[in-house]
Amino acid sequence: MVDPYNLEECERVVKEEIEKEEPSVIISRRPCVLLKYVKPKKPLSVNPEKCRSCKRCMKFGCPAISFRDNHAVVDPTLCVGCGVCAQLCPFDAFEGGEE
Ligand code: SF4
Ligand code: SF4
């Protein structure tokens, strides 16, 4: 079982299972943020001073992330604070979140 918000763990487990000879199942488990009892975390934001416009975070397809004035921006009304974008950014440009 993996947490889909943990990219490192997901990648490691997928690689491990692909290398096995026998069939295997990976259960990706995390409650949907649209459920009433799931409380979103604080939204993240992009520090424009740190963003190097590589667009790596945009390949993930999060609807809260867009590109403006040559850097990524997060729409705080759409961000649920999952933190996946922060794991993808090679320049630590994402800030905030948690709680
Ligand atoms: S991954 Fe980081 S540096 Fe690259 S565009 Fe996104 S916020 Fe900017
Ligand atoms: S924290 Fe999650 S929801 Fe918010 S911008 Fe990053 S990937 Fe999108």
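Cys10 sits in helix H1, which covers residues 7-18. This is a predicted model. Is Cys10 buried or exposed? Neither label fits: 16 other C-beta atoms lie within 10 Å, and a residue needs 20 or more to be buried and 12 or fewer to be exposed, so Cys10 is partly exposed. Leaving aside residues up to four places away in sequence, Cys10 touches Val2 and Pro4. Pro23 is 13 residues from Cys10 along the chain, and their C-alpha atoms are 17 Å apart.

Now the whole chain. Its elements follow the order α-β-β-β-α-β from the N terminus. That makes 2 helices and 4 strands. Some overall values are listed here.

| Property of the chain | Value |
|---|---|
| Span of the C-alpha trace along its principal axes | about 50 × 35 × 20 Å |
| Buried share of the 99 residues | 12% |
| Share of contacts with a separation of 6 or more that join residues 24 or more positions apart | 64% |

Which residues form the largest nonpolar core? The core has 11 residues: Leu44, Val46, Cys51, Cys57, Ile65, Ala72, Val74, Cys79, Cys85, Ala93 and Phe94. At least two of them come from strand S1 (44-46), and at least two from strand S3 (71-74). In soluble globular proteins, nonpolar side chains tend to be buried together. Ala93, a core member, touches Val46, Asn47, Lys50 and Cys51, not counting residues up to four places away in sequence.

Ligand 2 comes last. It is surrounded by 13 residues, with Cys62, Ala64, Cys79, Cys82 and Cys85 the closest. Its shell holds 11 nonpolar and 2 polar residues, and no charged ones. Cys79 and Cys85 also belong to the largest nonpolar core.

Notes: Residues numbered from 1 in each chain as written. Chains lettered and ligands numbered in written order. Predicted model: local features only at pLDDT ≥ 70, side-chain atom pairs only at ≥ 80, totals over all residues. Near = placed C-beta within 6 Å. Nonpolar A, V, L, I, M, F, W, Y, C, P; charged D, E, K, R; others polar. Core = buried A, V, L, I, M, F, W, Y, C linked by C-beta atoms within 7 Å. Contact = placed C-beta atoms within 7 Å.
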